[in-house]
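How are the two copies of a chain in a model placed relative to each other, and what lies between them? The report below takes up these points in turn.

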2 protein chains.
Amino acid sequence: MPARDLAEPYPHVTTDDPAVDAARLLAEQNLPALLVLDTDGIPYAVVPGSQVVGQVVPEYVMEDPLLAAVIDERHADALAEGLAGRTVAEWLPRRTFKPLYVGPDAGVLQIAAVMARAHVPLVAVVERDSGEERGRLVGVVTAAALMRHFLAAGDQA
Amino acid sequence: MPARDLAEPYPHVTTDDPAVDAARLLAEQNLPALLVLDTDGIPYAVVPGSQVVGQVVPEYVMEDPLLAAVIDERHADALAEGLAGRTVAEWLPRRTFKPLYVGPDAGVLQIAAVMARAHVPLVAVVERDSGEERGRLVGVVTAAALMRHFLAAGDQA
């Protein structure tokens, strides 16, 4: 089954949205990863849940986890403040969270290999006409959708 | 807020269950990661969705993604066969997918740092009485649950 047939819609935020909306989307919908589109509707970033959490942790704590135990609750309220007044694009640097994508003809094994190697549970399917630079988002394939496909193929075999 | 108060129940399979049940649980519930408990109810493995997918991809494809485009559909039905007749423990090697865990007194920043560093969206909270070797699973903290906590703390600030 080609990527175009596996691709599904997926909740997203855009680069201009408030950063807090992105955090809320992941939190409220229990999403495996956050999908960020630019204002043209093209994938700007895909951020796995563990890395969205990482964006809220101060750099000095990431570098020295022992500090986390000490400063903890005192600064918990300051964490969400890092989001306040920022857009998604300001909060999530594009080069750190480059989206994975495949063309509409990519097969399931190819998508699975891309996903597993990058440790990212979401691959965007982007269609591009010849000569067209940016393309168009067909949908995304999640790890769960891929597993549904593999299981269905196994049932038929 | 300590880990014991953030910990929640989470769907799981056990090491003796059929591997196909584990694949199905992730697929049907759109889980960010698979939680595997041993027969004593202690975390045996935590496998992010992207790595569950990786377990279905043949080793030679992971090593040479160009192959994926070639062999694709012909072997799609063989993929799910790798699951047939195996238990979860046989399918998912423990040492590859060691669960992350913290004690019940760990704070939110500590959990967040553990999660972000390991790129795993689920941390188990395990309580151990002194002298007790194995402990008891209190619950798990997901990336989404942590973000809900940070956002709530921000609203109150």
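The sections below describe the symmetry, the interface and one helix pair.

## Basis

This is a predicted model, in which local features need pLDDT of at least 70 and side-chain atom pairs count only at pLDDT 80 or more, while totals for chains, interfaces and linings use all residues. Residues are numbered from 1 along each chain as its sequence is written, chains are lettered from A and ligands numbered from 1 in the order in which they are written, and side-chain values use heavy atoms, leaving out hydrogens and water.

## Symmetry

A turn of 180° with a shift of 0.0 Å along the axis lays chain A on chain B with an RMSD of 0.0 Å (least-squares superposition on the C-alpha atoms of residues with pLDDT of at least 70 in both). The two copies are thus related as by a two-fold rotation axis. Of the residues of chain A, Pro32(A) comes closest to that axis, with its C-alpha at 2.2 Å.

## Interface

In total, 56 residues of chain A are in contact (heavy atoms within 4.5 Å) with 57 residues of chain B. The chains bury about 4,500 Å² between them, 72% of it on carbon and sulfur atoms, where buried area is the accessible area (1.4 Å probe) lost on being put together, summed over both parts.

## Helix pair

Helix α3 (residues 49-56) of chain A and helix α8 (residues 108-118) of chain B (DSSP runs of H or I, at least four residues, numbered from the N terminus) pack at about 130°, with axes 8 Å apart; the axes are lines fitted to C-alpha atoms over the stretch in contact, and angles run from 0 to 180 degrees between N-to-C directions. Ser50(A), Gln51(A), Val53(A) and Gly54(A) in α3(A) meet Ala112(B), Met115(B) and Ala116(B) in α8(B).

Conventions. Helix = DSSP H or I, 4+ residues; strand = E, 2+ residues; numbered from the N terminus. Buried area = accessible area lost by both parts, 1.4 Å probe.
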